[in-house]
There are 2 protein chains.
Amino acid sequence: MICINFQDSRPIYEQIVDGYKHLILAGVLEQDERMPSVRNLAVELSTNPNTVQKAFMELEREGFIYSVRGRGNFVNSSGQLLEKKREELVDDISKLLIEAEELSLDSEQLLRDALQKSKVGCCDSDVGGKMQ
Amino acid sequence: MICINFQDSRPIYEQIVDGYKHLILAGVLEQDERMPSVRNLAVELSTNPNTVQKAFMELEREGFIYSVRGRGNFVNSSGQLLEKKREELVDDISKLLIEAEELSLDSEQLLRDALQKSKVGCCDSDVGGKMQ
DNA sequence: TATCTGTACTATAGAACATAGTACGGTTAG
DNA sequence: CTAACCGTACTATGTTCTATAGTACAGATA
């Protein structure tokens, strides 16, 4: 379902958190669906149960899952989560725009460039794009 | 010139790097202007010379300053740096937009919201803004 | 009852971060 | 030349975060 990059500088538990956030927000996991058990997921990802537990605690703290002692961890409803995620994205972009303003850069032109790059970056067309 | 938040989870050397990046890009420090010495800045920021040195090494690695043994560290020309920074901003925003696309969110509406929020966030007007 | 589940500990090891101290070589003002 | 500054390169120490390992306990369920 998700995969871990052990070469990544980001901690394993954080990769697990982000992986499941994405799965839940994207609707791959449905409401009240059961998460893998701490021990099973640890085996599957070749990591330690404690690391998985730490990730699940963080997911619960942020409202993505809820846990029932003795039964397992379950997915929360994604509706509110998606709205929350949208607000985070707006917030992140506006922070970057404020940074741009401080450097006297044209925010609107910046957004046009970013929008085009995001559309080019998704596919592999090279319409006006530069090779990286 | 810059200030350090010791409560911040970010490492001190990273805060120094970011602080000087901002000063250089904003043109507060001019080309070939001399940076504070490693030892003096350490005293000024109530930190250790080694921590400042680590920050300066990073700034040099990223092309913001150059060092002359026995004389000091000096600011590089900001023109190319500003263009590089602009590309980074475009890249950061486009990554967020790709994330939004994956969640079937309306990118253009997202950008309009972010643009408005960035303009509201700069000043303290409350035109359509929510109290945090 | 046996086996699964989450949860809570302790202990250990490694990496990153920060501090402290020392040392060496280049630059510059006196 | 000398003294005082500069960058640079080490070693050593302590703290925190991350990850692993092992143990233990309580709830749920077949």
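Is B:Cys3 buried or exposed? In this predicted model, B:Cys3 counts as exposed, at 67% relative accessibility. The counterpart in chain A was examined too. A:Cys3 is exposed, and its relative accessible area is 67%. Over all chains, the search for disulfides returns 0.

The relation between the two protein chains was examined next. A turn of 180° with a shift of 0.0 Å along the axis lays chain A on chain B, and the RMSD is 0.0 Å. This is therefore the relation of a two-fold axis. Within chain A, A:Ile93 has the C-alpha nearest that axis, at 3.1 Å. Both copies use the same surface, since 100% of the contact residues of chain A recur in chain B.

The surface near DNA strand C draws on both protein chains. It comprises 27 residues, of which A:Ser67, B:Pro11, B:Ile12, B:Thr47 and B:Asn50 come nearest. By class, 6 of the residues near DNA strand C are nonpolar, 13 are polar and 8 are charged. Sugar or phosphate holds 68% of the atoms of DNA strand C that lie within 4 Å of the protein. Bases hold the rest.

Polar contacts to DNA strand C involve bases and backbone. On the base side, two arginines of chain A take part. The side chain of A:Arg39 places an N or O atom 3.0 Å from a base nitrogen of DNA strand C. For A:Arg69, an N or O atom of the side chain is 2.9 Å from a base nitrogen of this strand. On the phosphate side, a polar side-chain atom of B:Thr47 is 2.4 Å from a phosphate oxygen of DNA strand C. Several elements give two or more residues to this surface. In chain A they are helix H2 (38-44), helix H3 (49-61), strand E1 (65-68) and strand E2 (72-75). In chain B they are helix H1 (12-25) and helix H3 (49-61).

DNA strand D was treated in turn. Around DNA strand D there are 26 residues, and A:Pro11, A:Ile12, A:Thr47, A:Asn50 and B:Ser67 come nearest. Of the atoms of DNA strand D within 4 Å of the protein, 68% belong to sugar and phosphate. The surface near DNA strand D has 5 nonpolar, 13 polar and 8 charged residues.

Chain A makes polar contacts with DNA strand D through side chains and backbone. A polar side-chain atom of A:Asn50 is 2.7 Å from a base nitrogen of DNA strand D. The side chain of A:Thr51 has an N or O atom 2.8 Å from a phosphate oxygen of the strand. A:Gly70 contributes through a polar backbone atom, which is 3.1 Å from a base nitrogen of DNA strand D. At least two residues of this surface come from each of helix H1 (12-25) and H3 of chain A. The same holds for helix H2 (38-44), H3, E1 and strand E2 (72-75) of chain B.

A charged residue of chain B was also examined. B:Glu62 lies in the loop between H3 and strand E1 (65-68). Its relative accessible area is 17%, so B:Glu62 is buried, the cut-off being under 20%. Beyond its neighbours within four places in sequence, B:Glu62 is in contact with B:Lys21, B:Leu81 and B:Lys84.

Conventions: Residues are numbered from 1 along each chain as its sequence is written. Chains are lettered from A and ligands numbered from 1 in the order in which they are written. This is a predicted model: local features need pLDDT of at least 70, side-chain atom pairs count only at pLDDT 80 or more; totals for chains, interfaces and linings use all residues. Side-chain values use heavy atoms; hydrogens and water are left out. A residue is near a molecule or strand if one of its heavy atoms lies within 4 Å of it. A polar contact is a pair of N or O atoms within 3.5 Å; within protein, one must be able to donate a hydrogen and the other to accept it, and residues adjacent in sequence count only if both atoms are side-chain atoms. Helices (H or I, at least four residues) and strands (E, at least two) are DSSP runs, numbered from the N terminus. Ala, Val, Leu, Ile, Met, Phe, Trp, Tyr, Cys and Pro count as nonpolar, Asp, Glu, Lys and Arg as charged, and the others, Gly among them, as polar. Copies are superposed by least squares on the C-alpha atoms of residues with pLDDT of at least 70 in both. Contact means heavy atoms within 4.5 Å. A disulfide is a pair of cysteine sulfur atoms within 2.5 Å. Buried means under 20% relative accessible area, exposed over 50%, partly exposed in between (1.4 Å probe, protein chains only).
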